[in-house]
Each structure stands twice: as C-alpha cells, then as structure tokens.
Amino acid sequence: MTQLDELEFDNVQIDQHGPIAVLTINRPRALNALNADTLSEIAQAVNMIIEDAEVGALIITGSGEKAFVAGADISEFGDLEGVYDGRELALAGQDVMHQISSLPIPVIAAINGYALGGGLELALACDVRVASTGARLGLPETGLGLIPGFGGTQRLPRLIGTGRALDLILTARQVRADEALGMGLVNYVADNALTKAREVAEAMLKNAPIAVSLVKEAVRRGMDTTLEGGLEIEADLFGMTVATKDFREGVDAFLNKRPAEFQGE
C-alpha cells in the first residue's frame, strides 16, 4: 500500500498500482455527479497524485456500472442567482479541468457509462478517452437553458472540429460509444474501459517520461498559437530532450537492439 492508497475522501477514491494511479469519482447514488465538494476533492487528489514521484500515469473513472460522471449536480443549481454566481461556478469547474489537463503525466479517462455535461467535460480534460461499449456521451446543457461551463465549448471543437461540436451541443443529443469513436471524441472502445485504459497507460509508461511530458507541453502550448509559433515550441522542447540521459539510453538501446531502461533523467 502506498500513501495514495491511504488517502480518504467522501466522494473520490484513489488506488495506486505501481506507477498507475486510478482516481474514481465515487458517488454512485448520484451517478457520480459533480457537486462542489466533489470538484474540491478532485482538485486535492490531483495535487497529491502529482506530488508522488512514483506515479507515471493517471486514470480517471467512475464508480458503479452506470456512469462515468452523469454531469454537474443539478440539485445545487437552485441556489444560483444571477451572472456572478453562474460565472463563479463555471470558473471553479474550469480550474479543476485545467489542473487535470495541465498535468505533466498522461491522463486517461475510462468512461464506464454516462459521460454527460460536466462528466464529458472532465473526460475532455484528459489526454486520451477510453469508452465502454455501453457508454453514452453528450453535452445536454442547452436543454436546461445553459451552455457548457466547464470547458465544453472550447475543448470539444478543438478535439472534433467546430461543426461536429456545434451539432452535439446545439442538439443536446447523446452519442453511443461507436459514434463517439468515429468522430474522434474517444480513442478506444472496449468491453471494459478500465482494463483497456490500464493497457494504454502501460504502453505510455514504456517510453521516456521526460519526452512524454514534453510532448504534452508541446501539444498544449502549440494549440494556443500559430503553426509557426508551435514549430518554434517543438524545436525548443526537442532540444531539451537531446540533453537528457534518457535520450542517450534510448539511442543506445536502439542501436544495440535491447529494451531501453529509462530513468526520467
């Protein structure tokens, strides 16, 4: 048992298996809906995960068999009054999603059921999405008189294109896993999303951790600039990898036809 395994929260659970940490949203009676306390606990848990040097990849999933995260907790919306309350709620959710998307380690969503509203926005904040065959995904906010507020209007078009994103958001429809795969909303569909997510994480963990981290940085920063600016970022970060011991190890292992043993240095 690691220190992460000993952490106790009311609405989330952390399990660590070697270099892979699994963060489970654990409110099955509410279909794992994101209330204010759950968002706060996710933020705390992610902070603790990143401080653990042994963790090389994070999987986020939901408890039970019905839902990854069915959305924000609508029962809390009755207390919202006016523009300020709405804006503060959106910013609070966006902060948590940004914290996840900015992690230097790979983050994989294991979508084991409904991923709606804030749940899909949580999955969009991850690097890779694995959906179970029975998963349903969508952004239904317009049907409630709202718009997605935790990043959906920004991350979804960047992932699948403006036209497809607007179709999903404006119709508020749910898509099945196979359609989500076809439009690039998810990367994999599997009978067991968590098992497949572990396989993907293990494949990533075979590679040089500094290079993996810098790939994430290059893509994230490059998306916010021009192609020319992105290429400059890529060149800078490529140069940084050449200065690492892992680069020397990778080249030597390739030339000598042996498995590389990366140390993250």
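This report walks through the overall build, the charges and a few chosen residues of the chain shown above, which is a predicted model.

## Overall build

Let's start with the whole chain. Its secondary structure consists of 10 helices and 10 strands. The radius of gyration is 19 Å, close to the 18 Å that the globule rule gives for 265 residues, so the chain is as compact as a globular protein of that length. If you lay the C-alpha trace along its principal axes, the spans come to about 60 × 45 × 35 Å.

How much of the chain is tucked away? Of the 265 residues, 42% count as buried. The accessible surface amounts to about 13800 Å², and carbon and sulfur atoms hold 53% of that area. Sequence separation is worth a look too: taking contacts between residues at least 6 apart in sequence, 66% join residues at least 24 apart.

## Charges across the chain

The chain carries 21 positive and 38 negative charges, and the mean positions of these two sets lie 7 Å apart. The count of salt bridges comes to nine.

One of these salt bridges pairs Lys216 with Asp127, where the closest N and O atoms are 2.8 Å apart. This pair connects distant parts of the chain, with the two positions 89 residues apart in numbering: Lys216 sits in helix α8 (residues 209-222), while Asp127 belongs to the loop between α3 (118-124) and β7 (128-132). Lys216 counts as buried because its relative accessibility is 11%, a value under the 20% cut-off. Asp127, with a relative accessible area of 29%, is partly exposed.

## Two more salt bridges and a network

Toward the end of the numbering, Glu265 forms a salt bridge with Lys245, and here the closest N and O atoms are 3.7 Å apart. Again the pair links distant parts of the chain: Lys245 is in helix α10 and Glu265 is in the segment after α10 (245-255), 20 residues apart. Glu265 is partly exposed at 47% relative accessibility. Lys245 is exposed, as its relative accessible area of 57% is over the 50% cut-off.

Asp167 and Arg173 also meet through their side chains in a salt bridge, at 2.9 Å from N to O. Both ends are partly exposed: Asp167 has a relative accessible area of 32%, and Arg173 has 28% relative accessibility. Which residues are joined into one network by salt bridges that share partners? They are Asp167, Arg173 and Glu179.

## Helix α1 and its partners

Helix α1 covers residues 36-50 and includes Glu41. Glu41 is a charged residue to inspect: it is buried yet has no salt bridge. The nearest side chain of opposite charge is Arg27, at 8.3 Å, whereas a salt bridge requires the nitrogen to be within 4 Å of the carboxyl oxygen. Leaving aside neighbours within four places in sequence, Glu41 is in contact with Phe9, Asp10, Asn11 and Val12.

Ala45 is also placed in helix α1, and it counts as buried at 0% relative accessibility. Beyond its neighbours within four places in sequence, Ala45 contacts Phe9, Val12, Ile14 and Leu23. Ala45 and Phe9 are 36 residues apart in sequence, and their C-alpha atoms are 8.7 Å apart in space. Phe9 and Val12 therefore appear among the partners of both Glu41 and Ala45, given that contact means heavy atoms within 4.5 Å.

## Strand β2 and helix α2

Thr24 has its place in strand β2 (residues 20-25). Thr24 is buried, with a relative accessible area of 11%. Which residues does Thr24 touch, not counting those up to four places away in sequence? The list is Asn11, Val12, Gln13, Thr61, Gly62 and Ser63. Val12 is thus one of the contacts of Thr24 under the 4.5 Å cut-off, and Val12 is also among those of Ala45.

The last stop is Ala90, in helix α2 (residues 82-101). Ala90 is buried, with a relative accessible area of 18%, a value under the 20% cut-off. Not counting residues up to four places away in sequence, Ala90 touches Gly149 and Phe150. Leu144 is 54 residues from Ala90 along the chain, and 15 Å separates the C-alpha atoms of these two residues.

Methods:
Residues are numbered from 1 along each chain as its sequence is written. This is a predicted model: local features need pLDDT of at least 70, side-chain atom pairs count only at pLDDT 80 or more; totals for chains, interfaces and linings use all residues. Side-chain values use heavy atoms; hydrogens and water are left out. Helices (H or I, at least four residues) and strands (E, at least two) are DSSP runs, numbered from the N terminus. The radius of gyration is taken over C-alpha atoms; the globule rule is 2.2 Å times the number of residues to the power 0.38. Buried means under 20% relative accessible area, exposed over 50%, partly exposed in between (1.4 Å probe, protein chains only). Accessible areas come from the Shrake-Rupley method with a 1.4 Å probe; for residues, only the protein chains shown count as cover. Lys and Arg count as positive and Asp and Glu as negative; His and the chain ends are not counted. The place of a charge is taken as NZ of Lys, CZ of Arg, CG of Asp or CD of Glu.
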